[in-house]
Amino acid sequence: MSLAGIFLILFLLVHLTINLLVILFDDPMVYNRAAHFMGNNIVIKIFEIVLIGGLLLHVIYALILQVQNWIARPRRYSKANFSSTSFFSKFMIHTAGVILAFLVIHFSDFYFRAKFGHAAEIVSDGVVYHDFATEVIDKFKMLPFVIIYIAAFLFLGFHLIHGFQSAFKTLGIENNRYAPVIQTLSVIYTVVVVAGFTAIPLVIYFM
Amino acid sequence: MDLKLKIWRQKDSRSRGRFVNYFLREIDPDCSFLEMLDILNEQLISRNEEPVVFDHECREGICGSCSIYINGRPHGPDELTTVCQLHMRKFNHGDTIVIEPWRARSFPVIRDLMVDRSSFDTLIREGGYISVNTGTAPDANTIPVNRDDAVFAMDAAACIGCGACVAACKNASAMLFVGAKISHLASLPQGRVEARKRVQDMVAMMDALGFGNCTNTGACEVECPKGIKMANIVRLNREYLKSTL
Ligand code: FES
């Protein structure tokens, strides 16, 4: 659970770097080339399988643990949860649901179309690229897409702010010496990821 | 002060149980929560009704017997206190107080507010002790112990086994209880000898007994009357991983 989580946490950083190319460079071909490279590189292809495996592992493990946890308290309290604990940790399975719903949209939107054609194409130096950059920019000119996208990343942020440091606790790494470091890193990481991903639609929409 | 009590009544582990409302008048704010329940029970007995059953023993906050879930929190609204050390001045005149037993599959209700916590004893039997022949008392300084380790072990040893951590946990997990025992013994040279087997056995038993899984929510740490820290859970995870690898 925690290892798969940390793996996904690292992957998000890679994903963010590539996405940011869309707004960092005026030339859309930079992003298209990066996407092309990701889609046609054997190492990345293998990594892709590992990534989907990691995601599945994270989801399946979470479901098993959640069901066990529900069974562990067959009769609920009539008045519960008044302990002052970290807020988002109580809603991991709920934020996960929202993120998963977003992933389904995300996959059907970009991934499958990239794999099975249908995407607009552009030719540069004799190589055919999918023109994802234009597609992204077109999408984020529409307000509903911007709102859904930003909402999804806010939920991801809620998920990460607990998940990041929790993973280190589960792995037994967070002792008294490292605890403050990990807590700070957890906040910085979450802010960077959420701000980075949400900046893209905002910049495109308001440009 | 006048109070309305909403108390969980359940005849035995198999019956269904329900909330019953009681009204108490002119309760002294300086009496303890258990004394308040004593007053209620005296009134019930004089009316020929069944008194409310609840666990208690020392009434000094050291035995861990008292165990009541009050207004959504184990041991009630006060910090670092057991129910027997909770006083009515923490409540207001006219309050409605919801009083429930610990709720967890591994803590079945025996009657009313009393639950069976023998699953904790089962856990301790799996290795929550040191089984070396101590012989005669050794000289105090023959085994040197680092001061930080001694303090950490001593803090972990403060656990009174009341079960508030399980009661507070949204997953009814016993990780804080087991974590306290594991890190208490793992921090000291005498406990290291059996550390591997202890952590494997106790974790396996914890799962077998039907406790939930830890999601690092931290409700246990907030509600623990003895201030046992989540660092003990991290230590338990570390010991467990080390013993598995
Ligand atoms: S009765 Fe002993 S701790 Fe409360």
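**Note on the interface of chains A and B and two backbone positions in chain B**

1. In this predicted model, 31 residues of chain A are in contact (heavy atoms within 4.5 Å) with 39 residues of chain B. Local features need pLDDT of at least 70 and side-chain atom pairs pLDDT 80 or more, whereas totals for chains, interfaces and linings use all residues. Residues are numbered from 1 along each chain as its sequence is written, chains are lettered from A in the order in which they are written, and side-chain values use heavy atoms, without hydrogens and water.

2. The two chains bury about 2700 Å² between them, 49% of it on carbon and sulfur atoms; buried area is the accessible area (1.4 Å probe) lost on putting two parts together, summed over both. A:Arg73, A:Arg75 and A:Tyr77 supply 22% of the area that chain A buries against chain B, more than any other three residues.

3. The rule finds 0 salt bridges across this interface, a salt bridge being a side-chain nitrogen of Lys or Arg within 4 Å of a carboxyl oxygen of Asp or Glu.

4. Most residues other than glycine have a negative phi. B:Glu26, however, has a positive phi, near 50°. B:Glu26 lies in the loop between strand S2 (18–24) and helix H1 (33–46) of chain B (DSSP runs numbered from the N terminus: helices, H or I, at least four residues; strands, E, at least two).

5. Phi of B:Asn71 is also positive, near 50°. B:Asn71 sits in the loop between strand S3 (69–70) and strand S4 (73–74) of chain B.

6. B:Glu26 is exposed at 68% relative accessibility, whereas B:Asn71 is buried at 18% (buried, under 20% relative accessible area; exposed, over 50%; partly exposed in between; 1.4 Å probe, protein chains only).
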